[in-house]
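Trainee: Hey, I've just opened this one and I'm not sure where to start. Can you walk me through it?

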Amino acid sequence: MGEKGKDPVCGREVDKEGAIGSSEYRGNIFYFCSLGCKIEFDRAPAEYICQGKEGENGNYV
Ligand SMILES: [Zn+2]
């Protein structure tokens, strides 16, 4: 069973082993469902990290 991570860009759950890409930001590793999400994140990581805030559903298309 693989560990799950959350794609911070689209909010999807991503299997860490099967993730297309990952990025490190402030000591945390983030996993992405697609290269597009990784590129978006790398462009502006701070926009996708809401520290101390969970459970909000941003529906990104
Ligand atoms: Zn994604």
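Mentor: Sure, let's begin with a hairpin: β3 and β4 form one, with two residues between them. Arg26 sits in the turn and has a positive phi of about 50°. Keep in mind that this is a predicted model.

Trainee: Okay. How many bridges join β3 to β4, and do they run parallel or antiparallel?

Mentor: Five bridges join them, and the two strands run antiparallel. For example, Ser23 has Phe30 in β4 as its bridge partner. Likewise, Gly21 is bridged to Phe32 in β4.

Trainee: Let me zoom out for a sec. Which elements does the protein chain have, going from the N terminus?

Mentor: The order is β-β-β-β-α-α. That's four strands and two helices.

Trainee: And what share of the protein chain is buried?

Mentor: Buried residues are 20% of the 61 residues. As for contacts between residues at least 6 apart in sequence, 29% of them join residues at least 24 apart.

Trainee: Now the helices. Which residues of α1 are buried?

Mentor: Cys37, Lys38 and Phe41 are the buried ones in α1. They're on the same side of α1, because they cover an arc of only 100° around the axis.

Trainee: Is there a general reason why spacing like that works in a helix?

Mentor: Yep: an α-helix has 3.6 residues a turn, so residues three or four places apart point the same way.

Trainee: Nice. What do the buried residues of α1 pack against?

Mentor: They pack against β3 (21-25), β4 (28-32) and α2 (45-48). So the hairpin we started with comes up again here, since β3 and β4 form that hairpin.

Trainee: And which residues are exposed on the other side of α1?

Mentor: Leu35 and Arg43.

Trainee: Wait, why does Leu35 count as exposed?

Mentor: Because Leu35 has 10 C-beta neighbours inside 10 Å, and a residue with 12 or fewer is called exposed. Leu35 does have contacts beyond its neighbours within four places in sequence, namely Ile20 and Gly21. Its C-alpha is also 9.2 Å from that of Ser22, which is 13 residues away in sequence.

Trainee: Changing topic: which residues make up the largest nonpolar core?

Mentor: There are nine: Val9, Val14, Ala19, Phe30, Tyr31, Phe32, Cys33, Cys37 and Phe41. β4 and α1 each supply at least two of the core residues. β4 gives the most, with three.

Trainee: Is that kind of grouping a general thing?

Mentor: In soluble globular proteins, nonpolar side chains tend to be buried together.

Trainee: Phe30 keeps popping up. What does Phe30 touch?

Mentor: Not counting residues up to four places away in sequence, Phe30 touches Gly5, Pro8, Ser22, Ser23, Tyr25 and Phe41. You've met two of those already: Ser23 is the bridge partner of Phe30, and Phe41 is a buried residue of α1.

Trainee: Last one, about Tyr48. Where is Tyr48 placed?

Mentor: Tyr48 is in helix α2. It is partly exposed, because 19 other C-beta atoms lie within 10 Å, while a buried residue has 20 or more.

Trainee: What is Tyr48 in contact with?

Mentor: Pro8, Val9 and Phe41, leaving aside neighbours within four places in sequence. Take Pro8: Tyr48 and Pro8 are 40 residues apart in sequence, yet their C-alpha atoms are 5.8 Å apart in space.

Terms used:
Residues numbered from 1 in each chain as written. Predicted model: local features only at pLDDT ≥ 70, side-chain atom pairs only at ≥ 80, totals over all residues. Contact = placed C-beta atoms within 7 Å. Arc of directions from axis to C-beta. Pairing = 2+ DSSP bridges. Core = buried A, V, L, I, M, F, W, Y, C linked by C-beta atoms within 7 Å.
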